[in-house]
Amino acid sequence: MTREIVSREVFLKKAEVQKEDVPLPEMGNGSVMPVWGMTVRERSGFEKQFSGKNGKPLEARQRELRERLVIQCCRDDSGLPVFQPSDVESLGNLPAAVMERLVNAAMRLSGMGDTDVEANVPAVQSVQGMTS
């Protein structure tokens, strides 16, 4: 196996945010929702919204983790958000099976593994346990 260390220039040019179309057969034949992974900055901002100024968890927001993750990661092909923060309640009323496909893709594309965010966002730990 050949080993080649990637230069800074190559890394900064070629490291792109991943995206994928998640099938939504419930919405009609061929229907998809584009789900984008988060950048480091986006993910840090996403995680920060679950803690108050005192660093304590905001339980109400933690209960909306799935909805907030879908709002953050579902974007059109141009990268513009499909949903707005005001859609949290409406998204929470959708079938869990549909939302879980989107949530699972968003977590995977954003690098949210079993140990990544547990210390910063306790709600992510509970979602990971439920979706693993």
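**Order of elements.** I read along the sequence of this predicted model and noted that the protein chain follows the pattern α-β-β-α-α-α-α-α-α. In my tally for the protein chain I entered seven helices and two strands.

**Chain as a whole.** I looked up burial next, and found that buried residues make up 34% of the 132 residues in the protein chain. For the surface I wrote down an accessible area of about 8900 Å², of which 52% belongs to carbon and sulfur atoms. I then turned to contacts between residues at least 6 apart in sequence, and of these 56% join residues at least 24 apart.

**Helix α4.** I asked myself how many of the nine residues of helix α4 are buried. Eight of the nine residues in α4, which spans residues 65-73, are buried, so I describe this helix as largely enclosed by the rest of the structure. By name, I listed the buried residues of α4 as Leu65, Arg66, Glu67, Arg68, Leu69, Val70, Ile71 and Cys73.

**Lys19.** I picked out Lys19, which is found in strand β1, residues 19-23. Its relative accessible area is 48%, and because buried means under 20% and exposed over 50%, I entered Lys19 as partly exposed. Which residues does Lys19 touch, if I leave out those up to four places away in sequence? I found Val35, Trp36, Asp77 and Leu109. For one of these contacts I also looked up the spacing: Lys19 and Val35 are 16 residues apart in sequence, while their C-alpha atoms are 5.5 Å apart in space.

Terms used:
Residues numbered from 1 in each chain as written. Predicted model: local features only at pLDDT ≥ 70, side-chain atom pairs only at ≥ 80, totals over all residues. Heavy atoms only, no water. Buried < 20%, exposed > 50% of the residue type's maximum accessible area, 1.4 Å probe, protein only. Helix = DSSP H or I, 4+ residues; strand = E, 2+ residues; numbered from the N terminus. Contact = heavy atoms within 4.5 Å. Areas by Shrake-Rupley, 256 points an atom, 1.4 Å probe, with all protein chains shown as cover.
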